[in-house]
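The following exercises train the reading of a structural model. Please study the sequence and the structure before attempting each task.

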Amino acid sequence: MEQKASAVDLDEIVLRYRPVVSFKVKKSLGSQTPDWEDVVNEIITQVIEKVQNGEFRGESSIGTFIYTITSRRIIDFIRQKTRVLKEAPEPAPWPDPCEDAEARERSRILAEAIKRLKPKFKEVLELYYYQELSRNEVAERLGISPRRVSERINYAQKLLRKMIKK
Amino acid sequence: MKKCPFESQIDDYLLNRLEGGDKEAFEEHYFNCQRCFRLMEERNELISAVKTRGAWIFEPEPDAEKKVLLPTFEKVFSYFTPRQWATVAAAAAVLLVAVFGVLPRFKGAPPQFVLSESEVVRGASLTLMSPVIDTAVAPAYFEWKSLGEDVEYKLSLYNSGLIWTATTRENRISIPEEIRANMTAGQKFAWQVRAYSSRGTLIAVSSRVEFQIKPAE
């Protein structure tokens, strides 16, 4: 699992970890925070510098190394903003899908596919994700087992994958 | 392929149900596991679509009702001959005259509701069901106990002042996305429902229930 520092390919780091770092930053700060992309760029730059300076010695995996840098930078960012604004930026519970045209289009296609699902899948998605009931509450409401709730969600996801690929 | 034990935590993480060490362990894991990260991105898109377009996705489809009703209607229509239909229509007309023309003359006085200055109705109670406690995110709908058929409900949502009002004949109403978008963490809200009879008479007023969208930790 652990990767030797000498074997680290910087291009691969940027390619593989930019989406992961972006996800974590947007989840923590909210994608409506205008600075989130700057924070991601700073983190990637920091990672590259630290690897080049030999600070990554392969004691942990490169993923854990980048996660640690990401978490620290996010905490610093919130502290800075808190000092300036007297309050932390409001984190979005999930990244906004409407941040660019492509994502907006993907979200629209996905929403249309969900609408076409059979009622037994739609009702599970509505209760579990839209109304945010717990798995047990959904199970109780529909008279099925909690395990069945998970199965229906996973199957719905599988169906949606197929519908979108068509 | 063997399922990764962290896979089952994807939903909890995205719905902000993981806390402290569990959350950190999960985050560290997806920095190391491409498969879990890919699954999480896919699930996140699903949740985002549901959250942002849920009102549209889950609205009842009028077409579905039509599809069910149309064959039934055709079946019933072909059940009688035109002459039989004429008889049925005449019988229905007589019935209508009896119901709307004659019976109201024997009907007692409408129920009297005693209203206080603040419009509180004594004689019928309206119970609010959801949300009645603080919530983690802006609620997707309001729900109250039904007072039966032919009742129109008027819901009012307050923050520092009235921010939204809507009427419905159901005992539940979805909150429009544009209103939900402005209901952010830390704010306090209150909501109240008034019920009106088909003649427009106020028949019940609920208490005003307060809830807060809990600030993120």
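The exercises below concern a predicted model, and each is followed by a worked solution.

**Exercise 1.** Determine which elements of chain A contribute two or more residues to the side that touches chain B.

*Solution.* Step 1: begin with the contacts, in which 30 residues of chain A meet 30 residues of chain B. Step 2: assign the residues of chain A to elements; helix 1 (10-29), helix 3 (62-85), helix 4 (101-116), helix 5 (119-130) and helix 7 (146-165) of chain A each give two or more. Step 3: identify the largest share, which is the six residues from helix 4 of chain A. Step 4: sort this side of chain A by residue type, which yields 17 nonpolar, six polar and seven charged residues.

**Exercise 2.** Establish how the buried residues of helix 7 of chain A are arranged around its axis.

*Solution.* Step 1: check the length of the helix. Helix 7 of chain A has 20 residues and spans 29 Å from its first C-alpha to its last, close to the expected 28 Å. Step 2: list its buried residues, namely A:Val149, A:Arg152, A:Ile153, A:Ala156 and A:Leu160. Step 3: look down the axis; these residues fall within an arc of 100°, so they line one face of the helix. Step 4: turn to the face pointing away from the buried side of helix 7 of chain A, where the exposed residues include A:Arg147, A:Asn154 and A:Lys158. Step 5: find what covers the buried residues of helix 7 of chain A; the cover includes helix 4, helix 5 and helix 6 (135-142) of chain A, together with helix 3 (34-57) of chain B.

Key
Residues are numbered from 1 along each chain as its sequence is written. Chains are lettered from A and ligands numbered from 1 in the order in which they are written. This is a predicted model: local features need pLDDT of at least 70, side-chain atom pairs count only at pLDDT 80 or more; totals for chains, interfaces and linings use all residues. Two residues are in contact if their C-beta atoms, placed from the backbone, lie within 7 Å. Helices (H or I, at least four residues) and strands (E, at least two) are DSSP runs, numbered from the N terminus. Ala, Val, Leu, Ile, Met, Phe, Trp, Tyr, Cys and Pro count as nonpolar, Asp, Glu, Lys and Arg as charged, and the others, Gly among them, as polar. The expected span of a helix is 1.5 Å times one less than its number of residues. A residue is buried if 20 or more other C-beta atoms lie within 10 Å of its own, exposed if 12 or fewer, and partly exposed in between; C-beta atoms are placed from the backbone. The arc is that of the directions from the helix axis to the C-beta atoms.
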